[in-house]
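User: Please give me a close reading of one part of this structure, the ligand site, with the sheets first for orientation. Keep it plain, and tell me what kind of model it is.

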Amino acid sequence: MKPFLLAKLISLLTLLCFGFVLFQTPWPFTLILSIFFSLLFSFLNCWLVPGGFAWSKSNHHRFPKLRGPMGWPVLGAIPEMAGPLAHRKLADLAASFGSKRLMALSLGFTRVVISSHPETAKEILGGSSFTDRPIKDSARLLMFERAIGFAPAGAYWRHLRRIAAVHMFSPRRIASLEVLRQRVAYEMLARVGVEMGERGFVGLRGILQKGSLTNVLESVFGTRLGLEKEAGQRLGEMVNEGYELISKFNLEDYFPLRFLDFFGVKRKCHRLAAKVKSAVGQIVKERKTSLVGGECYNNFMSGDDHEINDYLSALLALPKEDQLSDSDMVAILWELIFRGTDTVAILLEWIMARMVLHQDIQTKVQQEIDTCIGGNRHVRDSDIPNLPYLQAVVKEVLRLHPPGPLLSWARLAVHDVHMEKVFIPAGTTAMVNMWAITHDASIWKDPWAFKPERFIEEEVTIMGSDLRLAPFGSGRRVCPGKALGLATVHLWLARLLRQYRWLPAQPVDLSERLRLSMEMKKPLACHAVCRLNNATP
Ligand code: HEM
């Protein structure tokens with residue numbers, strides 16, 4: 001029997017008990033009991049609807065109702081969502097309710113719909129109805145409302161997206177940052193050698209995180225602000241702190257209790273935001289004074305000077321009508337550091353885990369790289385299009401272990417919508433369970449198997465037009481850093497595999513832990529055996 005039918009039965013039994021007790025008791029008790037039972041009855045009536053509590057007022061009578069679990073009293077599906085395997089639990093729920101296309105649920109007082117199907121996912125991500133994002137208090141306090149990710153979908157957000165597309169993530173800008181990616185790759189490879197010498201095994205997570213953070217910090221602020229400098233180190237610590245705060249599941253976000261601060265998250269966010277404003281604000285101010293001469297701007301615009309070929313310079317060099325205030329610039333730069341660091345490092349750790357686990361596939365990628373590159377030189381960005389098997393490996397890992405299984409940040413209905421003949425009121429949160437789609441046996445043959453060959457046999461684009469595999473999202477709010485993220489992952493993976501043979505130092509554990517992104521629960525430990533000496537750039 002469906003859980004909410006069972007619950008309706010309980011509600012009916014409550015009513016019968018009420019009737020029975022009414023006949024047995026003196027009138028003062030009858031009065032108290034009637035109040036108690038009517039409260040209980042209306043509570044049960046609110047809770048015992050498909051999708052639970054938050055949907056009680058919204059399931060429009062004229063339209064069919066969405067199916068979904070009623071969840072726990074008041075909390076709804078919060079216990080499922082708060083766990084480290086929310087994507088799996090939601091996939092199971094959608095399958096058990098027969099609502100892969102669209103499932104309703106409640107997170108406290110928040111109405112949510114979840115799609116686990118490419119067609120409805122396309123409607124949510126690609127249409128014009130779900131272009132806002134619900135914003136958590138922590139994200140708002142950490143200034144993300146003024147950055148691309150959480151800015152409401154109005155003129156300001158469109159302005160930021162245009163700046164990002166033209167000035168920050170254009171093919172020219174990405175190409176110009178290859179020098180930096182190569183240098184960081186070199187530092188990571190050297191660190192691998194040192195760790196092997198000192199400890200006899202490599203903890204790749206630390207190396208990838210440091211490499212990724214250095215890469216992002218220097219792309220954002222230029223080579224003058226590496227991790228070795230004090231300011232760089234402090235920013236690294238702030239990113240970690242912000243990551244912890246934003247990953248926390250806060251009850252206050254789902255109830256009208258925003259004035260409360262049960263776990264001190266708001267206090268910590270205020271403190272961190274002040275530190276970020278001061279640190280990043282100072283860098284912006286210093287750069288402005290050092291860029292007083294038009295010469296620097298001219299170098300920047302022509303891409304001649306690598307020293308100032310960074311995102312901060314890009315923002316400062318914007319034409320007058322496009323310029324942003326200092327505080328908005330701080331928010332945007334902070335977001336870029338925040339978003340760009342963990343996704344790349346987490347994805348690479350998953351890929352390397354698969355390479356260690358599937359030695360035959362590792363050999364195949366290495367053979368492809370050796371054949372394509374020849375001689376003794378390093379891999380370059382321009383080699384990547386000639387490495388289809390390596391690209392297929394990356395796609396297969398994005399399918400099996402998408403860093404954002406629920407696409408990290410949800411969407412919000414900006415007006416009333418009809419989907420699947422169902423009425424969805426404005427203000428409803430919409431999520432796409434990309435993990436459920438990429439593990440669906442009716443969409444993917446042998447979905448649990450690691451088979452990069454499937455992407456050689458069939459061309460599948462991962463940039464957002466094919467919703468069977470859209471790890472960067474899709475539509476107007478698709479990830480603006482996707483090309484940069486992929487360029488970094490492809491290059492670093494090719495260099496890691498060209499330089500070393502990777503073997504397990506202990507059994508590879510593929511358990512997952514979903515925080516802001518989905519990371520490996522247990523860090524990967526491996527042996528690296530050098531296979532290339534004295535490679536030349
Ligand atoms: C492997 C790497 C990455 C993955 C898997 C990834 C994934 C995602 C996803 C799933 C979204 C939500 C898209 C949607 O709602 O449709 C997103 C948004 C975003 N990503 Fe990425 N991302 C990656 C790298 C990056 C990088 C390197 C940057 C910048 C340096 C970046 C910046 C952003 C921003 C600013 C947004 C918000 C866009 C908006 O709301 O308009 N991402 N990303």
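Analyst:
**Sheets and ligand site**

Four strands make up an open sheet of mixed pairing, in the order 1-2-7-4. Strand 1 (103–107) and strand 4 (411–412) are its edge strands; each has a single partner, so one side of each has no neighbour in the sheet. Inside this order, strand 2 (residues 110–115) runs parallel to strand 7 (residues 429–432), and 4 bridges join the two. One of the pairs is Val112 with Thr429, the latter in strand 7. This is a predicted model, and everything here should be read as such.

A further open sheet has 3 strands in the order 3-11-8, with antiparallel pairing. Its edges are strand 3 (202–203) and strand 8 (500–504); each of them has one partner strand, so one side of each is left free of a neighbour in the sheet. The pairing of strand 3 with strand 11 (residues 525–530) is antiparallel and rests on 2 bridges. Gly203 has Ala525 of strand 11 as its bridge partner.

Now the ligand. The space that it takes up is the largest cavity. Around the ligand are 24 residues, and the nearest of them are Arg133, Arg161, Arg411, Arg477 and Cys479. By class, this shell is made of 12 nonpolar, 6 polar and 6 charged residues. Helix 7 (155–168) and helix 15 (326–357) each contribute at least two residues to the shell. Helix 15 has the largest share, with 6 residues.

Which protein atom is the donor of the iron atom of the ligand? The only one is SG of Cys479, at 2.3 Å. Cys479 sits in the loop between helix 19 (454–457) and helix 20 (482–499).

Two of the nearest arginines also have side-chain contacts with ligand oxygen. For Arg133, a side-chain N or O atom is 2.8 Å from an oxygen atom of the ligand. For Arg411, the distance from a side-chain N or O atom to a ligand oxygen is likewise 2.8 Å. Arg411 ties the site back to the mixed sheet, as residue 411 belongs to the edge strand 4 (411–412). With Ser474 the contact is through the backbone: one of its backbone N or O atoms lies 3.2 Å from an oxygen atom of the ligand.

To put the site together: Cys479 supplies the protein donor to the iron, Arg133 and Arg411 approach ligand oxygen with their side chains, and Ser474 does so with its backbone.

Definitions and conventions
Residues are numbered from 1 along each chain as its sequence is written. This is a predicted model: local features need pLDDT of at least 70, side-chain atom pairs count only at pLDDT 80 or more; totals for chains, interfaces and linings use all residues. Side-chain values use heavy atoms; hydrogens and water are left out. A residue is near a molecule or strand if one of its heavy atoms lies within 4 Å of it. A polar contact is a pair of N or O atoms within 3.5 Å; within protein, one must be able to donate a hydrogen and the other to accept it, and residues adjacent in sequence count only if both atoms are side-chain atoms. On a 1 Å grid over the protein atoms alone, a cavity is a set of points where a 1.4 Å probe fits but cannot get out, and a pocket is an open set with protein on both sides within 12 Å along at least five of seven lines; lining residues have an atom within 4 Å of a point. A molecule sits in a cavity or pocket if more than half of its atoms lie within 2 Å of its grid points. Ala, Val, Leu, Ile, Met, Phe, Trp, Tyr, Cys and Pro count as nonpolar, Asp, Glu, Lys and Arg as charged, and the others, Gly among them, as polar. Donors are N, O and S atoms within 2.8 Å of the metal (3.2 Å for Na, K and Ca); water is not among the atoms, so sites may look incomplete. Two strands pair if DSSP finds at least two bridges between them.
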